[in-house]
Amino acid sequence: MTRRELDAAGITDPALRAAYTRCRRLNARHGRTYFLATRLLPVERRPAVHALYGFARWADDIVDDLGRSRTAGERDRLLRELESGLAHGLRTGEGDEPVVRAVADTAGRYGIEHTLFADFLVSMRSDLHVTDYPTYADLRAYMHGSAAVIGLQMLPVLGTVVPREEAAPHAAALGEAFQLTNFLRDVGEDLDRGRIYLPADLLAAHGVDRPLLEWSRRTGRTDPRIRAALVAAEALTRGVYRLAEPGIALLDPLTRPCVRTAFVLYGGILDTIAEQGYTVLHRRAVVPLRRRAATAAAGAVRIAAARRRARTARRDPRAGGAALERKGAVK
């Protein structure tokens with residue numbers, strides 16, 4: 001499948017093919033939900049998505065360093081080296097690090113704004129010293145770089161049937177919704193790293209603070225105040241999903257099934273959290289395999305229908321191609 005993807009994307013240089021393949025492996029290993037949805041994209045666009053995910057994952061792993069083998073100073077140095085390498089790659093299309101080379105090539109192919117990568121790295125660096133967020137506004141400022149820009153990077157790859165700036169707010173919101181879902185799912189694991197991504201004012205409204213969360217994580221015991229705060233965080237996250245959802249209809253019809261599938265799968269994580277009684281401090285919520293498979297199968301049916309409509313439109317523009325042109329064409 002990797003060879004087919006690379007051939008379809010017109011990526012012929014052996015070193016560049018190896019770089020994209022490395023990104024694909026990162027996506028497959030670490031982004032189960034994301035990778036599953038990516039399989040529904042047109043084959044020629046998948047390498048670009050793997051490159052964007054691979055780069056984000058590479059930076060995130062530097063910051064988190066789960067083995068705690070590096071000091072904050074060492075991680076900051078590695079991030080600065082990554083930033084310097086990326087700047088060089090974006091200018092020249094070259095790079096010593098395969099993940100950087102692949103993402104620089106993707107940025108060039110799709111005209112992705114370089115500032116989006118700079119903003120991403122700013123948020124990654126903040127994780128080295130920021131351990132909590134007083135308000136939701138503070139958290140949103142962080143998520144602009146850590147999540148919203150990911151949605152904006154994806155837009156040129158996905159394509160739109162309207163001017164890109166019209167779809168951009170929805171794409172940014174979808175990135176935030178996905179990250180808020182991860183924050184809620186990973187409360188316990190993040191606490192182990194010394195971080196709390198749920199806004200302090202939201203927690204305080206329900207009588208929750210860091211010591212209470214740490215007590216619950218340490219003892220395995222629950223507290224109704226924590227549950228109430230997590231319910232509120234879920235409601236906040238679902239509100240962001242509602243802001244994002246209208247943007248799916250603005251995408252290229254051939255990529256909508258992929259994004260819709262990711263939308264449903266990530267929303268399913270929230271469903272699982274609720275079904276398990278909001279016990280995220282003590283266990284990781286995972287959408288059951290059967291449910292993920294059913295969602296992916298539904299997405300496959302939608303993509304097959306979209307491809308049939310696209311073939312019909314190419315044969316007879318009156319069947320749909322002309323309508324897309326009137327709406328602004330695929331960007």
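**Close-up 1. Helix 13 gives the most to the lining of the second largest cavity, with 3 residues.** This is a predicted model, and here we're peeking at a space of about 40 Å³. Helix 13 covers residues 224–244, and helix 9 (164–185) also pitches in: each of the two supplies at least two residues of this lining.

**Close-up 2. Meet the residues around the second largest cavity: L180, L184, L198, P199, L202, A233, L236 and T237.** What classes do the lining residues of the second largest cavity fall into? You'll find 7 nonpolar residues and 1 polar one, with no charged residues in the lining.

**Close-up 3. Now for the largest cavity, which holds about 50 Å³ of space.** Which helix provides the largest share of its lining? That's helix 10, running over residues 187–192, with 3 residues in the lining.

**Close-up 4. The wall of the largest cavity is built from F183, V187, D190, L191, R195, I196, Y197, L198 and L213.** Sorted by class, this lining has 7 nonpolar and 2 charged residues, and no polar ones. Keep an eye on L198: it lines the largest cavity, and it turns up in the lining of the second largest cavity too.

**Close-up 5. Stepping back, how many cavities of 30 Å³ or more does a search of the whole structure find?** The search turns up 2. Rolling a probe the size of a water molecule over the atoms is what shows where empty space is left. The largest cavity comes to about 50 Å³, and the second largest to about 40 Å³.

Technical notes:
Residues are numbered from 1 along each chain as its sequence is written. This is a predicted model: local features need pLDDT of at least 70, side-chain atom pairs count only at pLDDT 80 or more; totals for chains, interfaces and linings use all residues. Side-chain values use heavy atoms; hydrogens and water are left out. On a 1 Å grid over the protein atoms alone, a cavity is a set of points where a 1.4 Å probe fits but cannot get out, and a pocket is an open set with protein on both sides within 12 Å along at least five of seven lines; lining residues have an atom within 4 Å of a point. Grid points are joined across faces, edges and corners, and a volume is the space filled by probe spheres set on the points. Helices (H or I, at least four residues) and strands (E, at least two) are DSSP runs, numbered from the N terminus. Ala, Val, Leu, Ile, Met, Phe, Trp, Tyr, Cys and Pro count as nonpolar, Asp, Glu, Lys and Arg as charged, and the others, Gly among them, as polar.
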